[in-house]
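Q: I am new to this structure and would like a close look at one part of it: the contacts between side chains. Please take me through them step by step.

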Amino acid sequence: GNDDLGKSQILNLNKFNIKTENLKKQNDAPTGTAVIYVDKDGKNSIVVIPGANNLCDVEYLKEKEECLEKADFIVLQLEIPIETVEYSVKKGKELGKTIVLNPAPAPEEISEEILQNVDYFTPNESELQRLAKLDKMESIEDVKRGAQFFIDKGVKNVMVTLGENGVLLVNKDGAQHFPAYKVKAIDTTAAGDCFNGAFVVGLSEGKTVEDSIVFANKASSIAVTRKGAQDSIPSRDEVEKV
């Protein structure tokens, strides 16, 4: 949105040398915002007001197609219109890009047209349960069953983030568990976003999938020890000291 929140957001991104020249400022919608409630155990619930996020449409991506062409990875979640996500994954696959989809917030279902183009699908437990329509999520076997649902739909790799229980990677070769780092969680807001970002950083630097998950686990373990969302994301130096 072309408002104070939007201007503040751009200033914050620029502070960390994140390129923003392709962000479109909307005059007819406010910047998307979220109200976050955190309980005594650090777990959160979030109310989202999408605002200008709803205007991130297919035409906008077509205008910015050069960005997709230059990218090696396309990272998506579901706070933009689902048609835009579908276009992104299809176009990304045509261009030979690696597609990472974090299905948050989780809808009732995701089309096979999207799933069959996803290289890395990264739900948390509740998102996995909702999307795979599982009646329970009480054991690692339940998680494996939910992940296999998406492998059968054409997803290459499913990485289920399990909070204090780490991450489960499932693909055609089987399942592999990565324990979490033991920390005192203050606020779990943005832990998943941090994990996804750090994971793609690892892949982009030539790390294996396994080493990228370990790197991402380190980053998100730091994020949950701090309050806030963007403010909780650690620097590269902080992650490497873990």
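A: Lys172 is a good place to begin: with a relative accessible area of 74%, Lys172 counts as exposed (over 50%; under 20% is buried, and partly exposed lies in between, with a 1.4 Å probe and protein chains only). Its partner Asp173 is exposed as well, at 67%. The side chains of Lys172 and Asp173 meet in a salt bridge, 3.4 Å from N to O (a side-chain nitrogen of Lys or Arg within 4 Å of a carboxyl oxygen of Asp or Glu).

Before going on, a word about the model and its numbering. This is a predicted model, in which local features need pLDDT of at least 70 and side-chain atom pairs pLDDT 80 or more, while totals for chains, interfaces and linings use all residues. Residues are numbered from 1 along each chain as its sequence is written, and side-chain values use heavy atoms, with hydrogens and water left out.

Across the whole structure, a search finds 17 salt bridges. One of them joins Glu112 to Lys153, with the closest N and O atoms 3.2 Å apart. Glu112 sits in helix α5 (residues 112-115), whereas Lys153 belongs to the loop between α7 (140-152) and β6 (157-161), so this pair ties together parts that are 41 residues apart in sequence. (Helices, H or I with at least four residues, and strands, E with at least two, are DSSP runs numbered from the N terminus.) Glu112 is partly exposed, with a relative accessible area of 41%. Lys153 is partly exposed too, at 26%.

Now look at Glu205, which forms a salt bridge with Lys207; here the closest N and O atoms are 3.3 Å apart. Glu205 is partly exposed at 43% relative accessibility, and Lys207 falls into the partly exposed class at 28%. The story of this pair does not end with two residues: salt bridges that share partners join Glu205, Lys207, Arg236 and Glu240 into one network. Lys207 has a further contact, with a ring. Lys207 lies over the face of Phe215, at 5.1 Å from the ring centre (NZ of Lys or CZ of Arg within 6 Å of the centre and within 35 degrees of the ring normal).

From charges, we can move on to rings. How many aromatic pairs does the structure hold? There are four aromatic pairs (centres of Phe, Tyr or six-membered Trp rings within 6.5 Å; planes under 30 degrees apart are stacked, over 60 edge-to-face, the rest tilted). Among them is the edge-to-face pair of Tyr120 and Phe199, with 5.1 Å from centre to centre and 70° between the planes. This pair links distant parts of the chain, as Tyr120 is in strand β5 (residues 120-121) and Phe199 is in helix α8 (residues 191-204), 79 residues apart. Tyr120 is buried, with 11% relative accessible area, and Phe199 is buried at 0%.

Phe199 also pairs with Phe195, and these two rings are stacked: 6.3 Å separates the centres and 5° the planes. Because Phe195 and Phe199 are four residues apart in helix α8, about one helical turn separates them. Both of these phenylalanines are buried. Put the two pairs together, and Tyr120, Phe195 and Phe199 form one aromatic cluster.

Not far along the chain from Tyr120 in number, Val118 is found in the loop between α5 and β5. Is Val118 buried or exposed? Val118 counts as buried, with a relative accessibility of 0%. Val118 and Val89 are 29 residues apart along the chain, and their C-alpha atoms are separated by 7.0 Å.

Last come the cysteines. A search of the whole structure finds zero disulfides (cysteine sulfur atoms within 2.5 Å of each other). Cys67, for example, is in no disulfide, and the nearest cysteine sulfur, that of Cys56, is 11 Å away. Cys67 is partly exposed, with a relative accessible area of 33%. Cys194, by contrast, counts as buried at 6%.
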